[in-house]
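These are my notebook entries on a structure I examined. I record what I looked up, entry by entry.

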Protein chains: 2
Amino acid sequence: MKKIQFKGGTMLNPVPVVLVTSKNSKGDTNVFTVAWAGTACTKPPMLTISVRPERLSYEYIKESMEFVVNLPSEQLTKKVDYCGVKSGRITDKIKDMGFTLSPGIEIDCPIIQDCPISLECKVRSITPLGSHDLFLAEIVKVHVDESLIDKSGKIHFENAKLINYCHGEYYPMTTQPIGKFGFSVQKRK
Amino acid sequence: MKKIQFKGGTMLNPVPVVLVTSKNSKGDTNVFTVAWAGTACTKPPMLTISVRPERLSYEYIKESMEFVVNLPSEQLTKKVDYCGVKSGRITDKIKDMGFTLSPGIEIDCPIIQDCPISLECKVRSITPLGSHDLFLAEIVKVHVDESLIDKSGKIHFENAKLINYCHGEYYPMTTQPIGKFGFSVQKRK
């Protein structure tokens, strides 16, 4: 496989694409789309999101030091795109998209009911990097739609129809995994 | 959609799953699998990977302050799993997997030729978080397989057959995107 070289670029792919809700001290809420996100730690559970300082959500999150990461399903893709393109400064995106909010439990920031999974997050640090600031946050509560949970309590993410983002495009998840963690060394019975 | 609440957990999904190569000062190379990774900044292009301190790669990367993120394609999934389960302390995973290495350009760390895309990274900071340390790094060079690049120079990630990781399982990417960034507000001709 012959390789062609390019200068450094944001080519980690595929990445998650999530709807982030936040609330300022006046009680105004906003939603915006983030693809620059990743899991940062298992214990305690932490993640990062990167946000441009010119974003309205940047102000809200910096003020409250809280946000919710809502994982959208496939049928919300157009809304996900809209919330990434439009600014909360010019329109109420939550109203535009008809999202139903419900209160967080550990934090004073709403989750989006329309999303199958939501993660309540408390910001631990903010690091300016250039175009974006890195928000490192602890995941303090998780909401999962009951339709994804079987009788034994197992969460079936494969039924959530999540999406991902790859080089400027949104992709649906497939429902058939190739393998489970550890399958390469599992002994056949 | 009724929600069930859980305590905080690493439930951001799907996430990327990548093969990270590193080299220590003696010239030993190692590879391991990372799913706790994300894009952190556009300008300059940066990403994060999170690594447990007990990992051999942790030592190598801390020593050299360099690593390569190699994006694996679907047919490498079993090897990706193996490199996440086995330790470089007990076996030479690069040899076990038959990976072909070639030298980095901006850094003294090899890329995996078998992967369609590789990102050379220079570490900018290391932050201990708990089970994992967060490595923030700048992407200084990108290698893309020439078969993915069309005549106009556009990179076709949809042909790379990348994989992602969701709640303990590996999934293939689909080749048909739902939409492109901005499609929700695009005017019809």
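Entry 1, a helix residue. I located Lys95(B) in helix H3 of chain B, which spans residues 93-97. The model is predicted, and I read the values below as computed from it. Is Lys95(B) buried or exposed? I found 8 other C-beta atoms within 10 Å of Lys95(B); the limit for an exposed residue is 12 or fewer, so Lys95(B) is classed as exposed. I then checked its separation from Gln176(B), 81 residues away along the chain, and noted 35 Å between the two C-alpha atoms.

Entry 2, the nonpolar core. I looked up the largest nonpolar core and recorded 111 residues. The residues with the most contacts inside this core are Val20(A), Leu47(A), Val69(A), Val20(B) and Leu47(B). Which residues does Leu47(B) touch, leaving aside those up to four places away in sequence? From chain A, I noted Leu12(A) among them. The list within chain B includes Ala37(B), Gly38(B), Thr39(B) and Ala40(B), as well as Val69(B), Cys121(B), Ala137(B) and Ile139(B).

Entry 3, the contact between the chains. I recorded 80 residues from chain A and 80 residues from chain B in the contact. On the chain B side, strand E11 of chain B (residues 133-145) supplies the largest share, with nine residues. By class, I listed this side of chain B as 44 nonpolar, 23 polar and 13 charged residues.

Entry 4, strand E11(B) and its partner. I looked up how strand E1 of chain A (residues 3-7) joins E11(B) and found five bridges, with the strands running antiparallel. Opposite Phe6(A), in E11(B), I found Val142(B).

Entry 5, an open sheet ending in E14(B). I traced four antiparallel strands in the order E2(A)-E12(A)-E13(A)-E14(B). E2 of chain A (15-16) and E14 of chain B (179-180) are the edge strands; each has a single partner strand, so one side of each lacks a neighbour in the sheet. E14(B) is joined to strand E13 of chain A (residues 169-172) by two bridges in the antiparallel sense. Here Glu169(A) is placed opposite Lys180(B).

Entry 6, an open sheet beginning with E14(A). I noted the order E14(A)-E13(B)-E12(B)-E2(B) for this sheet of four strands, with antiparallel pairing. Its edges are E14 of chain A (179-180) and E2 of chain B (15-16); since each has a single partner strand, one side of each is without a neighbour in the sheet. Two bridges link E2(B) to strand E12 of chain B (residues 163-166), again antiparallel. Which residue in E12(B) is the bridge partner of Pro16(B)? I identified Asn164(B).

How values were computed: Residues are numbered from 1 along each chain as its sequence is written. Chains are lettered from A and ligands numbered from 1 in the order in which they are written. This is a predicted model: local features need pLDDT of at least 70, side-chain atom pairs count only at pLDDT 80 or more; totals for chains, interfaces and linings use all residues. A nonpolar core is a set of buried Ala, Val, Leu, Ile, Met, Phe, Trp, Tyr and Cys residues joined through C-beta atoms within 7 Å. A residue is buried if 20 or more other C-beta atoms lie within 10 Å of its own, exposed if 12 or fewer, and partly exposed in between; C-beta atoms are placed from the backbone. Two residues are in contact if their C-beta atoms, placed from the backbone, lie within 7 Å. Ala, Val, Leu, Ile, Met, Phe, Trp, Tyr, Cys and Pro count as nonpolar, Asp, Glu, Lys and Arg as charged, and the others, Gly among them, as polar. Two strands pair if DSSP finds at least two bridges between them.
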